[in-house]
Amino acid sequence: MTGGGPVDRLAVTGTPGTGKTTATDLLAAERGIEVVHLNDVIREEGLYVERDEERDSLVADLDAVAEHLGDWSGVVDSHLAHYLDADRVAVLRCRPDVLERRLIERGESEASARENRESEALDVILGEAVDRFGEDQVYEIDTTDRDPERVATELGRVLDGDREPSAGEVDFVEYL
């Protein structure tokens with residue numbers, strides 16, 4: 001049994017550092033489909049209500065984001081993508097200690113990396129996605145030991161309906 005037929009709108013979400021942008025870029029190149037990197041759009045189009053100085057991040061105006069995207073199709077990637085209307089949601093996951101190291105290596109502060117590590121261990125984004133879409137529309141992909149090409153392949157399977165929903169299969173609570 002598979003997860004249903006192909007879909008028009010896939011939201012790819014997950015804690016920062018899980019590999020969303022890399023995997024969706026590979027998927028776009030492989031499939032010739034449009035990928036919207038939502039964080040770039042929010043910044044470039046001014047779709048935020050304030051700057052969180054403590055976290056050095058923008059607080060998105062999700063209503064303005066939805067209006068800007070309109071009746072979108074394709075793939076949207078962001079740690080906020082699960083707040084959009086979508087047909088399916090892929091939640092990229094990464095072992096918290098690996099995630100923290102990735103974030104520090106790309107220049108995040110230790111406090112930010114630690115906060116994201118804890119969010120990942122607590123399944124924060126997964127829980128939000130399941131609350132909004134239900135378990136039958138959420139697909140977890142553990143990126144810890146997968147190369148980006150394999151993650152892109154798994155995203156393609158979600159898009160095509162060739163993968164079973166898998167919310168709750170990844171458990172990182174021991175990293176708290």
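**Contacts, binding-site residues and core packing**

In the predicted model, Thr 21 touches His 37 and Asp 77, when residues up to four places away in sequence are not counted. Thr 21 has its place in helix α1 and is partly exposed, with a relative accessible area of 39%. Lys 20 likewise has its place in helix α1, which comprises residues 20-31, but Lys 20 counts as buried because its relative accessibility of 8% falls under the 20% cut-off. With residues up to four places away in sequence again left out, the contacts of Lys 20 are Val 12, Thr 13, Gly 14, Thr 15, Asp 77, Ser 78, His 79 and Leu 92; Asp 77 is thus touched by Lys 20 and by Thr 21.

Both residues belong to a set annotated in UniProt, where an unreviewed entry places the feature "binding site" at Gly 17, Gly 19, Lys 20, Thr 21, Thr 22 and Arg 106. These positions span 90 residues in sequence, yet no two of their C-alpha atoms are more than 14.4 Å apart, so they gather at one spot. From this set, Gly 17, Gly 19, Lys 20, Thr 21, Thr 22 and Arg 106 are taken into the lining of the largest pocket.

Strand β6 is mostly covered, six of its six residues being buried. This holds for both faces of β6, with Arg 88, Ala 90 and Leu 92 buried on one side and Val 89, Val 91 and Arg 93 buried on the other. Strand β1, residues 9-14, pairs with β6 in the parallel sense over five bridges, and within this pairing Ala 11 stands opposite Val 89 in β6. Strand β7, residues 138-142, also runs parallel to β6 and is joined to β6 by five bridges, with Asp 142 in β7 as the bridge partner of Arg 93.

The largest nonpolar core has 22 residues, of which Leu 69 and Val 76 touch the most other members. At least two residues of this core are supplied by each of α2 (38-45), α3 (62-69), β6 (88-93) and α6 (124-133), and α6 gives the most, with four residues. Apart from this core lies another, of 17 residues, among them Val 7, Leu 27, Val 35 and Val 75. As for Val 76, contacts are found with Leu 10, Ala 11, Val 12, Val 36, Leu 38, Leu 69, Ala 81 and Leu 84, not counting residues up to four places away in sequence. Ala 11 therefore appears both among the contacts of Val 76 and, by the bridge definition, opposite Val 89 in β6.

Note on methods:
Residues numbered from 1 in each chain as written. Predicted model: local features only at pLDDT ≥ 70, side-chain atom pairs only at ≥ 80, totals over all residues. Heavy atoms only, no water. Core = buried A, V, L, I, M, F, W, Y, C linked by side-chain atoms within 4.5 Å. Buried < 20%, exposed > 50% of the residue type's maximum accessible area, 1.4 Å probe, protein only. Contact = heavy atoms within 4.5 Å. UniProt positions renumbered as here; feature names shortened; annotations may be inferred. 1 Å grid on protein atoms, 1.4 Å probe; cavity = no way out; pocket = protein on both sides within 12 Å on 5 of 7 lines; lining within 4 Å. Pairing = 2+ DSSP bridges.
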